[in-house]
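These are my notebook entries on one model, kept in the order in which I looked things up. I set down the cut-offs where each term comes up.

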Amino acid sequence: MHRRRALTGYSLMLAAVLWLASCGGSEDTDSRNTSETPSGTETAEQPTSSPEDTEPLKVTMSAEVAMRSDRRLEVTGSTNLPDDAQLLIAIKRAASGARWQERAQVHDGQFQAGPLGFGSGVPDGDYSVRVQLSEASVQPPAVRRRIGDEGERLAGELVREAPHGLGQIAVYRRAFSIGSELRHSEKDEGVRYLEGASQDALQNAPQD
């Protein structure tokens, strides 16, 4: 009888030890699993800026003017400025100083504006077309990231200081004439026209 009780007690003690060991192993496993599981509150790794976003952007622009059947003008052009960049496109008549302008955006490296001119059409004479990248302060966030908050990442011969200390902008200007046909002046195209233009002509050009 005593021996049976002793064996029963021993069996109960052994079962209790095994049960405690089993629980302890489960807790260790749960602890390890918890420590190895990434916390949902950890800060996600931030994407790094690509070198292209920090390098200077050497601005290129070109523009062509076409006459519609109603003798009003349309402007089309191309540029390497980023999509959604805000432009101001203007046409000025040399003889009278009359000008017409329209805002446009860059899409896939292209832009367009028009029709521009008098409702009855534009008379023969000499004109100029001007395409200006507006100040960085009015550009969409994605464009500002590329050109800089003050246009400081803009580079190249088309870049100049904006009026009123608003940073840098880019300006393209080209002369053309309307007579028996519309003729663009090749010698005045792009930066060569901008560099050769008189200071008075630059001051009188349309601004944002």
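The entries below go from a sheet to aromatic pairs, then to salt bridges and two single residues.

**Ground rules.** I am working with a predicted model, in which local features need pLDDT of at least 70 and side-chain atom pairs count only at pLDDT 80 or more, while totals for chains, interfaces and linings use all residues. Residues are numbered from 1 along each chain as its sequence is written, and side-chain values use heavy atoms, with hydrogens and water left out.

**Entry 1, the sheet.** I looked up an open sheet of 3 strands and found the order β2-β3-β6 with antiparallel pairing. Its edge strands are β2 (61-67) and β6 (110-116), each of which pairs on one side only. For the terms, strands (E, at least two residues) and helices (H or I, at least four residues) are DSSP runs numbered from the N terminus, and two strands pair if DSSP finds at least two bridges between them. Neighbouring strands in this sheet are turned by 15° against each other on average, direction ignored; the axes are lines fitted to C-alpha atoms, and angles run from 0 to 180 degrees between N-to-C directions.

I then went through the bridges. Antiparallel strands β2 and β3 are joined by 7 bridges, and β3 (residues 73-79) is joined to β6, again antiparallel, by 5 bridges. Leu73 is a useful landmark in β3, as Met67 stands opposite this residue and Leu116 is its bridge partner in β6. Between β2 and β3 there is a hairpin with 5 residues in between, and Arg71 in the turn has a positive phi of about 65°.

**Entry 2, aromatic pairs.** How many aromatic pairs does a search of the whole structure find? I have 2 on record, where rings of Phe, Tyr and Trp (its six-membered ring) pair if their centres lie within 6.5 Å, and planes under 30 degrees apart count as stacked, over 60 as edge-to-face and the rest as tilted. Trp100 and Phe118 are edge-to-face, at 4.9 Å centre to centre and with 90° between the planes. Trp100 belongs to strand β5 (residues 99-105) and Phe118 to the loop between β6 and β7 (125-133), so this pair ties together parts 18 residues apart in sequence. I count Trp100 as buried at 14% relative accessibility and Phe118 as partly exposed at 34%, given that buried means under 20% relative accessible area, exposed over 50% and partly exposed in between (1.4 Å probe, protein chains only).

Tyr127 and Phe176 form a stacked pair, because their ring centres are 5.6 Å apart and their planes are at 15°. Tyr127 is in strand β7 and Phe176 in strand β10 (residues 168-178), 49 residues apart. Tyr127 is buried at 3%, and Phe176 is buried at 1%.

**Entry 3, salt bridges.** The whole structure gives 4 salt bridges, each a side-chain nitrogen of Lys or Arg within 4 Å of a carboxyl oxygen of Asp or Glu. Arg174 and Glu64 meet at 2.9 Å, N to O; Arg174 lies in β10 and Glu64 in β2, so the pair ties together parts 110 residues apart in sequence. Is Arg174 buried or exposed? At 2% relative accessibility Arg174 is buried, whereas Glu64 is partly exposed at 39%.

Back at the hairpin turn, Arg71 meets Asp124 in a salt bridge of 2.9 Å, N to O. Arg71 is in the loop between β2 and β3 and Asp124 in the loop between β6 and β7, so parts 53 residues apart in sequence are tied together. Arg71 is partly exposed at 29%, and Asp124 is partly exposed at 43%. I also noted that Asp70 pairs with Arg68, their closest N and O atoms being 2.9 Å apart, and that Arg68, Asp70 and Glu74 are linked in a network of salt bridges.

**Entry 4, Gln139 and Arg160.** Gln139 sits in the loop between β7 and α3 (141-147) and is buried at 2% relative accessibility. A polar atom of its side chain lies 2.7 Å from the backbone nitrogen of Gln86. Leaving aside neighbours within four places in sequence, the contacts of Gln139 (heavy atoms within 4.5 Å) include Asp84, Arg144 and Ile147.

Arg160 is in strand β9 (residues 159-161) and is partly exposed at 25%. Its C-alpha atom is separated by 7.3 Å from that of Val171, 11 residues apart along the chain.

Notes. Polar contact = N/O pair within 3.5 Å; in protein donor to acceptor, adjacent residues only side chain to side chain.
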